[in-house]
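Student: I'd like to go through the labels people put on a model and ask where each one comes from. Can we take them one at a time?

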Amino acid sequence: MSLKNDKFPSSAAFDAIAAALSSEADKKDAVKQGNAVFAFTLKNAAGETESWHMDLKNKGTVGKGLGEKPTVTLSLSDADFGSLVAGKANAQRLFMGGKLKIKGDVMKATKLDPILKKAQTKAKL
């Protein structure tokens, strides 16, 4: 089941993240690093919003929707998320510039970087 939504081009990254978590070793490593449920709410150019989540607390899975009790929710534009996953944007700069909004445990959001970097090698954005 693909997590990609054609109205949100960068959503292909969620498939890449899921692929990066496909082996048990990678899953355990990501759960150990993240230890949280990360939710993402993306807004596309048409102003529509869609949500995805990464459960790095229990299962080490990626899915559509906000997931079960997200520890931290990140809201940003589809284009900015694409840049972030591709390594072209810095989460801290997006946050400081008001382009990334974080609800919940802000410190957990800092744990995402190494996980996204692993997906970068598999994502073709």
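Tutor: Here are a few labels, each set against its cut-off.

Tutor: This is a predicted model, where local features need pLDDT of at least 70, side-chain atom pairs count only at pLDDT 80 or more, and totals for chains, interfaces and linings use all residues. Residues are numbered from 1 along each chain as its sequence is written, and side-chain values use heavy atoms, with hydrogens and water left out.

Student: Why is Thr73 called buried?

Tutor: Buried means under 20% relative accessible area, exposed over 50%, and partly exposed in between (1.4 Å probe, protein chains only). Thr73 comes out at 13%, so it counts as buried. Thr73 sits in strand 4 (residues 72–77); strands are DSSP E runs of at least two residues and helices H or I runs of at least four, numbered from the N terminus.

Student: What is Thr73 in contact with, leaving aside its neighbours within four places in sequence?

Tutor: Contact means heavy atoms within 4.5 Å. By that rule Thr73 touches Ala39, Thr41, Leu66, Lys101, Ile102 and Lys103.

Student: What makes helix 1 roughly perpendicular to helix 6?

Tutor: Axes are lines fitted to C-alpha atoms, for helices over the stretch in contact, with angles from 0 to 180 degrees between N-to-C directions. Under 35 degrees is roughly parallel, over 145 roughly antiparallel, 65 to 115 roughly perpendicular, and the rest oblique. The axes of helix 1 and helix 6 come within 8 Å and cross at roughly 95°, so the pair is roughly perpendicular. Ala16, Ile17 and Ala20 of helix 1 meet Leu116, Lys118 and Ala119 of helix 6.

Student: How do you know what counts as a cavity?

Tutor: On a 1 Å grid over the protein atoms alone, a cavity is a set of points where a 1.4 Å probe fits but cannot get out; a pocket is an open set with protein on both sides within 12 Å along at least five of seven lines, and lining residues have an atom within 4 Å of a point. Points are joined across faces, edges and corners, and a volume is the space filled by probe spheres set on them. One cavity of 30 Å³ or more turns up, and the largest has a volume of about 50 Å³. Its lining includes Ile17, Ala20 and Lys118, and helix 2 gives the most, four residues.

Student: And what is the volume of the largest pocket?

Tutor: About 420 Å³. Of its 19 lining residues, Asn90, Ala91, Gln92, Ala109 and Thr110 are closest to the centre, while helix 6 gives the most to the lining, with five.
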